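Work through the exercises below with the model open. Try each task before reading its solution.

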Amino acid sequence: MAYIVYGDFNCPYSYLASLRVDEFVRRGGSGIEWRAVEHDPRLPLTGTPRGAAQGEWARELGEIAEVSRPGEAVPEAPPPVVSNTGAAVAAYAEALTDGLADEVRREIFRAIWVDGRHVSSPYEIRRIVAELMYPQASALDHRYGPDLMMAVDAGRVASGTERRFGATVSVLGGPLTVTGQRRIERWRAEWQGLTPVVPAVVCPDGAVLPGLSGLGRLAELLPVAAPKPVVTADRELAKVT
């Protein structure tokens, strides 16, 4: 594995890191593994109003706006309510088993930072996962019978009807499997042994780049294409003569 990125769904810097990882993959890159962690697992399940740290939010959002690149739609405001992301991390850990890790990571970040959803509840997280596992379709697509398969992508999802409908986290917000729990514990132990900052990018040589320095390294993996030279009338005339 070339790069490892530890990120928190509540962190705007991690949101930008997620955008850059997706862009890297979109361009055909590989070798980046995302590992979800909770920066503050003590956040209440009822949510925290964003006004409780308005100044800190303003500073963080201002910093990512300064380092954002053309085409990177970074958030301009924090979510209305800051979520406890325990269930979100559990869903991501389980999504690796189902082959949906990138999609789940992307949609949880979108739910928080684009849609402003409060995702502390495991039921809200289940809705997000269900939308990926069992996307909305027309009425005809949902018809089934002895000779018709239901419109579920069973090839990518582990066995179990409940799991296919998004129930990859328990009603208490934890992972459903021992494998998922071990992933969460291992990721957190690894991250805490490196730095208290998110995101944290671990490079192929073992160097740990936290926060803005990690974002900078991810940006280096996405070089901006050089602008095409502008052909002036004088240059065109010189070619003719």
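## Exercise 1: Strand S1 and its neighbours

Tyrosine 6 of S1 faces arginine 35 in strand S2. The model is a predicted one.

**Task.** Find the strands that pair with S1, and state the sense of each pairing.

**Solution.**
- Step 1. Start with S2. Strand S1 (residues 3–7) and S2 run parallel, joined by five bridges.
- Step 2. Check the register. Tyrosine 3 stands opposite isoleucine 32, and tyrosine 6 stands opposite arginine 35.
- Step 3. Turn to strand S5 (residues 200–202). S1 and S5 pair in the antiparallel sense, over three bridges. Here the bridge partner of tyrosine 6 is alanine 200.
- Step 4. Add the helix. S1, H1 and S2 make a β-α-β unit, and the unit is right-handed.

## Exercise 2: Cover on the strands

**Task.** How many residues of S1 are buried, and how many of S2?

**Solution.**
- Step 1. The cut-off for buried is under 20% relative accessible area.
- Step 2. In S1, five of its five residues are buried.
- Step 3. Sort S1 by face. Tyr3, Val5 and Gly7 lie on one side, Ile4 and Tyr6 on the other, and both faces are covered.
- Step 4. In strand S2 (residues 32–36), four of the five residues are buried, so S2 is largely enclosed by the rest of the structure.

## Exercise 3: Salt bridges and their setting

**Task.** Take three salt bridges, those of arginine 20, arginine 35 and arginine 59. For each, give the partner and the accessibility of both residues.

**Solution.**
- Step 1. Recall the principle. Side chains of opposite charge can pair when their charged atoms come close. The structure holds 17 salt bridges.
- Step 2. Arginine 20 pairs with glutamate 72, with the closest N and O atoms 2.8 Å apart. This pair links distant parts of the chain: arginine 20 sits in helix H1 (residues 12–26), and glutamate 72 in the loop between helix H2 (54–67) and strand S4 (81–82). They are 52 residues apart.
- Step 3. Classify both ends. Arginine 20 has a relative accessible area of 2%, so arginine 20 is buried. Glutamate 72, at 15%, also counts as buried.
- Step 4. Arginine 35 meets glutamate 33 at 2.9 Å, N to O. Arginine 35 is buried at 9% relative accessibility. Glutamate 33 is partly exposed at 22%.
- Step 5. Arginine 59 meets glutamate 56 at 2.4 Å, N to O. Both lie in helix H2, three residues apart, about one turn of the helix. An α-helix has 3.6 residues a turn, so residues three or four places apart point the same way.
- Step 6. Classify this pair. Arginine 59, at 39%, is partly exposed, and glutamate 56, at 38%, is partly exposed.
- Step 7. Look for a network. Salt bridges link Asp22, Asp102, Arg105 and Arg106.

## Exercise 4: Aromatic pairs across the chain

**Task.** Which parts of the chain do the pairs of tyrosine 15 and tryptophan 57 link?

**Solution.**
- Step 1. Choose the two descriptors. A pair of aromatic rings is described by the distance of the centres and the angle of the planes. The structure holds six aromatic pairs.
- Step 2. Tyrosine 15 and phenylalanine 109 are 5.9 Å apart, centre to centre, with 65° between the planes. The cut-off for edge-to-face is over 60 degrees, and this pair is edge-to-face.
- Step 3. Place the residues. Tyrosine 15 is in helix H1 and phenylalanine 109 in helix H4 (residues 101–113), 94 residues apart. Both are buried.
- Step 4. Tryptophan 57 and tryptophan 113 form an edge-to-face pair, at 5.8 Å and 70°. Tryptophan 57 lies in helix H2 and tryptophan 113 in helix H4, so the pair ties together parts 56 residues apart in sequence. Both tryptophan 57 and tryptophan 113 are buried.
- Step 5. Widen the view. Ring pairs join Phe9, Tyr15, Trp34, Trp57, Phe109 and Trp113 into a cluster.

## Exercise 5: Helix H5

**Task.** Compare the expected span of helix H5 with the distance between its end C-alpha atoms. Then describe its cap.

**Solution.**
- Step 1. H5 covers residues 122–133, twelve residues. At 1.5 Å a residue, H5 should span 16 Å.
- Step 2. The end C-alpha atoms are 16 Å apart, which agrees.
- Step 3. Serine 121 caps the N-terminal end: a side-chain oxygen lies 3.1 Å from the backbone nitrogen of tyrosine 123.
- Step 4. List the buried residues of H5: Pro122, Glu124, Ile125, Ile128, Val129, Ala130 and Met133.

Key:
Residues numbered from 1 in each chain as written. Predicted model: local features only at pLDDT ≥ 70, side-chain atom pairs only at ≥ 80, totals over all residues. Heavy atoms only, no water. Salt bridge = Lys/Arg side-chain N within 4 Å of Asp/Glu carboxyl O. Helix = DSSP H or I, 4+ residues; strand = E, 2+ residues; numbered from the N terminus. Buried < 20%, exposed > 50% of the residue type's maximum accessible area, 1.4 Å probe, protein only. Pairing = 2+ DSSP bridges. Right-handed = clockwise from strand over helix to strand, strands pointing away. Expected span 1.5 Å × (residues − 1). Polar contact = N/O pair within 3.5 Å; in protein donor to acceptor, adjacent residues only side chain to side chain. Phe/Tyr/Trp six-rings, centres within 6.5 Å; stacked < 30°, edge-to-face > 60°.
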